[in-house]
Amino acid sequence: MAHLDLSEVADAFAAGIPSIIGQVDQLVRAIPPGSVTTYGDLAKSLGDSAASRWVATYLLDPACGVADLSHRVVRSTGEIGLHCSGSSETKTQLLRGEGVVINRGTIDLETHRLQLPPMVASLSKLKAWQRDFACPGEQAFHLSNVKSIGGIDVSYGKEQAISACARMQADGQTKIGTHTCTGEAKFPYITGYLAFREIPLHLHLLAEMQAAGKLPDVLLVDGNGRLHPRRMGIATMLGGLTGIPTIGVAKKLICGVVQAPELKVGKWEPIIASQDAPDEILGYAIMPHTKTKHPIYVSRGFGIDDTSMKEVVDRCLAGHRLPEPIYWADRESRQLASTR
DNA sequence: GCGACAG
DNA sequence: ATCTTGTCGC
């Protein structure tokens, strides 16, 4: 895998990501006066009803591309809901002006709801990409071969995003150095699709590190790996794309159930897919130190087994909630982001 | 009505 | 993730 040109990988990956915002704008512009749709219907049309929250967040932003038409999007209950102007009354007046009947703040969707066409090359495409993503053949992971451990994270400034990767010695505690890369995050944050927001910048950074001969032997990624609705979190994709063994480290649970009733410091507890599937271990929760009540959620990314994964993370735990490589990457990227 | 999902 | 004042604790 070392022969991969990460600069080419970066370009190819970015080229395959659709403009999800353009898709929503297009759908909203297609709603004629007198008709409405719902946040959930828009999300379904994009290919994933789980994106309805993002759709609502986007359309409630006065700076969104279709703020002048977003009054035509209401709640699935028929309630008018909020408006980007800040006033639901304004939304009501706009709709009434277009001939929509509103009783007690509610629209009869049977009458006014518009059938939206499915957007083929949208979230449905990315979802299929995640399901079908073929990771290259994985080499057996040998901790004894590890000379450096990396941690990678992104922070967001006013306009720019900064990806930072800290490199540590094999002890997981001694910092060698940090690399950073600045760019624009074009894809929005949608639960389940974090990879498409953050990986493009990560790949640019890793390409630079590759050119400098400074790629880490294993990489801790801020986010999940196998612990993901489709078992394809950002850590797994980033590893599969680069060939670098990866581990996902998240601060919140996205799915799955922690079996143990309580967590003890330093003890790894399995996270299962569900009570009905107790044999499917997606990852592990661990309380990283005494001073926090909040665990971290660790899952296999690419090119590593669960046992090695735990050994690597154990080496990296110190006085912070996050493993040292990610702690330093987070600190560095955040510091830079605050200036742009 | 309650619960809610990485960054 | 970011927006934000003071406040509690090591």
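**View 1. Backbone atoms facing the bases of DNA strand B.** In this predicted model, a backbone N or O atom of I234 lies 3.2 Å from a base nitrogen of DNA strand B. A backbone N or O atom of N224 also approaches a base nitrogen of the strand, at 3.0 Å, and for L194 the distance between a polar backbone atom and a base nitrogen of DNA strand B is 3.3 Å.

**View 2. The protein surface around DNA strand B.** There are 18 residues around DNA strand B, and those that come nearest are Y189, D222, N224, K251 and L253. Sorted by class, the residues of this surface comprise 7 nonpolar, 6 polar and 5 charged. If one looks instead at the DNA, and takes the atoms of strand B that lie within 4 Å of the protein, 52% of them belong to sugar or phosphate, while the rest belong to bases.

**View 3. The residues around DNA strand C.** DNA strand C has S155, Y156, K251 and R334 around it, and K251 is also named among the residues that come nearest to DNA strand B. In the side chain of K251, an N or O atom is 3.2 Å from a phosphate oxygen of DNA strand C, and a polar side-chain atom of R334 lies 3.4 Å from a phosphate oxygen of that strand. By class, the surface near DNA strand C consists of 1 nonpolar, 1 polar and 2 charged residues.

**View 4. The largest pocket and its lining.** The largest pocket has a volume of about 620 Å³. It is lined by 26 residues, of which Y189, L194, G223, A250 and K252 are the closest to its centre. Two or more lining residues are given by each of the elements β5 (148-156), α8 (194-211) and β9 (246-250). The lining of this pocket is made up of 12 nonpolar, 8 polar and 6 charged residues. Y189, one of the residues closest to the pocket centre, is also one of those that come nearest to DNA strand B.

**View 5. The two domains of chain A.** Chain A is divided into domain 1, which is built from two stretches of sequence (6-14 + 135-337), and domain 2 (19-120). When the centres of the two domains are taken over C-alpha atoms, they are separated by 36 Å. The domains do meet, for 8 residues of domain 1 are in contact with 6 residues of domain 2.

**View 6. The surroundings of L263.** L263 is found in the loop that runs between β10 (257-258) and β11 (269-274). Leaving aside residues up to four places away in sequence, L263 touches V258, E269, A285, M287 and P295. P288 stands 25 residues away from L263 in sequence, and in space the C-alpha atoms of these two residues are 9.9 Å apart.

Conventions: Residues are numbered from 1 along each chain as its sequence is written. Chains are lettered from A and ligands numbered from 1 in the order in which they are written. This is a predicted model: local features need pLDDT of at least 70, side-chain atom pairs count only at pLDDT 80 or more; totals for chains, interfaces and linings use all residues. Side-chain values use heavy atoms; hydrogens and water are left out. A residue is near a molecule or strand if one of its heavy atoms lies within 4 Å of it. A polar contact is a pair of N or O atoms within 3.5 Å; within protein, one must be able to donate a hydrogen and the other to accept it, and residues adjacent in sequence count only if both atoms are side-chain atoms. Ala, Val, Leu, Ile, Met, Phe, Trp, Tyr, Cys and Pro count as nonpolar, Asp, Glu, Lys and Arg as charged, and the others, Gly among them, as polar. On a 1 Å grid over the protein atoms alone, a cavity is a set of points where a 1.4 Å probe fits but cannot get out, and a pocket is an open set with protein on both sides within 12 Å along at least five of seven lines; lining residues have an atom within 4 Å of a point. Grid points are joined across faces, edges and corners, and a volume is the space filled by probe spheres set on the points. Helices (H or I, at least four residues) and strands (E, at least two) are DSSP runs, numbered from the N terminus. Domain bounds come from an automatic or database domain assignment. Contact means heavy atoms within 4.5 Å.
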